[in-house]
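Visitor: I have a few questions about why things get the labels they get. Could you take me through them?
Guide: Gladly; let us bring up the model and begin.

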Amino acid sequence: MDLSGPLADWAAHLSVVREAAVPLPEPLAALLAAMAGQLTATAADTPLAALRAAGVLERIAARVGREAAGALGDDGMSADTLATTLGTTHSRALVLLLAAQDG
């Protein structure tokens, strides 16, 4: 079975999604890349410490994500616009906006 056509279509779709998504500020992108490298190294050396760090990061990300989604919701951003700028689905964007209202 030749999947080269569908795979090429999928790669093109992902490229379009990435192009439409809001870019990360370069200092933040560099920090996240460095953190990913450090976490990967820590997971290899001390998996429990990496797991603890992952939990801390999840809590930070959830809190900041709710705050950011709340601010966007307060500004009247639609789920469709949010989905496009994040490169995600409409339903995921709607969940983010609704969760921010509950928080």
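## Labels and the values behind them

Guide: At 40% relative accessibility, Arg63 counts as partly exposed. One thing to keep in mind as we go: this is a predicted model.

Visitor: Why does Arg63 count as partly exposed?
Guide: Buried would need a value under 20% and exposed one over 50%. Arg63 has 40%, so partly exposed is the label that fits.

Visitor: And what makes Glu67 partly exposed?
Guide: The reasoning runs along the same path: Glu67 has 48% relative accessibility, and because exposed begins over 50%, Glu67 is classed as partly exposed.

Visitor: How do you know that Glu67 forms a salt bridge with Arg63?
Guide: The closest N and O atoms of Glu67 and Arg63 are 3.5 Å apart. The cut-off is 4 Å, so the pair qualifies. By this rule the count comes to one salt bridge.

Visitor: Why are Glu67 and Arg63 said to be separated by about one helical turn?
Guide: Both sit in helix 3 and they are four residues apart, which means about one turn of the helix lies between them.

Visitor: Why are helix 3 and helix 5 called roughly perpendicular?
Guide: The axes of helix 3 (residues 47-74) and helix 5 cross at roughly 95 degrees and come within 8 Å. Angles of 65 to 115 degrees count as roughly perpendicular, so the label applies to helix 3 and helix 5.

Visitor: Which residues make that contact?
Guide: Helix 3 brings Arg66, Ala69, Gly70 and Gly73, while helix 5 brings Leu96, Leu97, Ala99 and Ala100. Sorted by class, the contact of helix 3 with helix 5 has five nonpolar, two polar and one charged residues.

Visitor: How do helix 2 and helix 3 pack, and which residues meet there?
Guide: Helix 2 (residues 26-45) packs with helix 3 at an angle of about 145 degrees, their axes being 6 Å apart. From helix 2 come Met35, Leu39, Thr42, Ala43 and Asp45, and they meet Pro47, Ala49, Ala50, Ala53 and Leu57 of helix 3. Those residues divide into eight nonpolar, one polar and one charged.

Visitor: What makes Ala50 buried?
Guide: Its relative accessibility is 10%, and the cut-off for buried is under 20%, so Ala50 counts as buried. Leaving out residues up to four places away in sequence, Ala50 touches Leu39, Thr42 and Ala43. The C-alpha atoms of Ala50 and Thr40 are 7.8 Å apart, with the two positions ten residues apart along the chain as the separation.

Visitor: Is Leu57 buried or partly exposed?
Guide: Leu57 has 28% relative accessibility; because buried requires under 20%, Leu57 counts as partly exposed. Leu57 touches Met35 and Leu39, again not counting residues up to four places away in sequence.

Visitor: Which residues make up the largest nonpolar core?
Guide: There are five of them: Ala79, Leu82, Ala83, Ala93 and Leu97. Helix 4 (79-86) and helix 5 (90-102) are the elements giving two or more residues to this core, and helix 4 has the largest share with three residues.

Visitor: What does Ala79 touch?
Guide: Beyond residues up to four places away in sequence, Ala79 touches His90, Ala93, Leu94 and Leu97.

Conventions:
Residues are numbered from 1 along each chain as its sequence is written. This is a predicted model: local features need pLDDT of at least 70, side-chain atom pairs count only at pLDDT 80 or more; totals for chains, interfaces and linings use all residues. Side-chain values use heavy atoms; hydrogens and water are left out. A nonpolar core is a set of buried Ala, Val, Leu, Ile, Met, Phe, Trp, Tyr and Cys residues joined through side-chain atoms within 4.5 Å. Buried means under 20% relative accessible area, exposed over 50%, partly exposed in between (1.4 Å probe, protein chains only). Contact means heavy atoms within 4.5 Å. Axes are lines fitted to C-alpha atoms, for helices over the stretch in contact, and angles run from 0 to 180 degrees between N-to-C directions. Angles under 35 degrees count as roughly parallel, over 145 as roughly antiparallel, 65 to 115 as roughly perpendicular and the rest as oblique. Ala, Val, Leu, Ile, Met, Phe, Trp, Tyr, Cys and Pro count as nonpolar, Asp, Glu, Lys and Arg as charged, and the others, Gly among them, as polar. A salt bridge is a side-chain nitrogen of Lys or Arg within 4 Å of a carboxyl oxygen of Asp or Glu.
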